[in-house]
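The following exercises concern a ligand site and the pocket that holds it. Please work through each task with the structure in view before reading its solution.

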Amino acid sequence: SASWIKTAFAKGAGPSMGLWQMLPGANVSRLLARTPGVDWVLVDCEHGNIDDAAMHDAVPAVAAAGASPIVRLPDIQSWMVKRKRVLVPLLRTVQEAKELVQAAKFPPVGRRGFGSPLAMERFQPAPTMTEYLQQANDTLLTMVQIETKEALDVVENIAAVDGIDVLFIGPFDLGNNIGHPILSGIMKQELLDAIARTLAATHKAGKKCGIFCTSGEQAKMFADQGFDMLSVATDYTALQATLAESVSVARGI
Ligand code: 3PY
């Protein structure tokens with residue numbers, strides 16, 4: 001599978017598909033990452049039951065299973081950004097997007113501090129410090145969520161910020177924040193228009209656009225519309241759906 005998303009994007013591979021991890025545990029990570037056709041697993045430290053230690057178990061488990069780990073941070077805080085491939089929720093302003101790039105990238109591009117030697121030692125032959133910083137800056141994926149009214153209003157400018165690679169739509173929060181919540185799974189036209197505006201602005205800036213989906217059908221529909229990155233399901237919802245289905249079959253209801 002095209003596990004390293006940025007390389008896959010550069011090669012013009014088709015849309016990148018992933019799963020969302022909300023439950024802690026390296027085995028959950030492996031299960032999700034080994035699902036055939038999965039390119040990435042997002043480890044959700046915003047709404048998932050995943051603390052810092054659980055995140056440190058999940059990320060290497062995803063990588064070892066051959067998928068790309070992405071961490072959704074709990075908040076836009078530069079001290080939380082010291083991870084590879086981050087998705088930042090609830091972005092509001094162009095300034096926040098610029099600050100995120102500064103926090104995510106090593107010098108000379110940004111001001112991220114060098115921490116654990118473990119990441120660097122992963123590469124063989126070992127790179128020099130300068131090579132490592134450059135490689136990390138080149139391969140790091142920096143993603144922001146478009147899910148506030150403030151961000152939607154300036155989405156063209158956010159898309160244009162250097163170093164932001166992906167604009168990822170959170171349709172539930174976006175719907176809530178523009179006054180058109182998703183009810184019973186139905187997206188109102190105003191929300192669909194906001195989604196279309198974000199997709200167009202992102203592509204005009206030469207960036208990639210992603211969206212959170214709640215089913216395979218929906219992910220396919222958005223992929224067919226030209227989205228580059230789709231989350232297909234979460235561990236939570238998949239487990240819930242399967243359990244409910246099995247119990248209802250057993251009960252004959
Ligand atoms: C949203 O749809 O608001 C999300 O961020 C998905 O978790």
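**The ligand and its shell**

Exercise 1. Identify which residues are around the ligand, and classify them.

Solution. In this predicted model, a residue counts as near the ligand if one of its heavy atoms lies within 4 Å. The residues around the ligand are R72, Q145, E147, G170, P171, F172, D173 and F212. By class, this shell comprises three nonpolar, two polar and three charged residues. As for secondary structure, helix α9 (residues 171–177) makes the greatest contribution to the shell, with three residues.

Exercise 2. Determine which backbone atoms lie close enough to the ligand for a polar contact, and how much of the ligand the protein buries.

Solution. The cut-off for a pair of N or O atoms is 3.5 Å. An oxygen atom of the ligand lies 2.8 Å from a polar backbone atom of D173. For P171, the corresponding distance from a ligand oxygen to a polar backbone atom is 3.1 Å, and for G170 it is 3.4 Å. Taken alone, the ligand exposes 230 Å², of which the protein buries 92%.

Exercise 3. State which pocket the ligand takes up, and describe its volume and lining.

Solution. The ligand takes the space of the second largest pocket, which holds about 190 Å³. Its lining consists of 13 residues, with H47, R72, F172, D173 and F212 nearest the centre. Five of the lining residues are nonpolar, three polar and five charged. Helix α9 supplies the largest share of this lining, three residues.

How values were computed
Residues numbered from 1 in each chain as written. Predicted model: local features only at pLDDT ≥ 70, side-chain atom pairs only at ≥ 80, totals over all residues. Heavy atoms only, no water. Polar contact = N/O pair within 3.5 Å; in protein donor to acceptor, adjacent residues only side chain to side chain. Areas by Shrake-Rupley, 256 points an atom, 1.4 Å probe, with all protein chains shown as cover. 1 Å grid on protein atoms, 1.4 Å probe; cavity = no way out; pocket = protein on both sides within 12 Å on 5 of 7 lines; lining within 4 Å. Sits in = over half its atoms within 2 Å of the grid points. Helix = DSSP H or I, 4+ residues; strand = E, 2+ residues; numbered from the N terminus. Nonpolar A, V, L, I, M, F, W, Y, C, P; charged D, E, K, R; others polar. Points joined across faces, edges and corners; volume = space filled by probe spheres on them.
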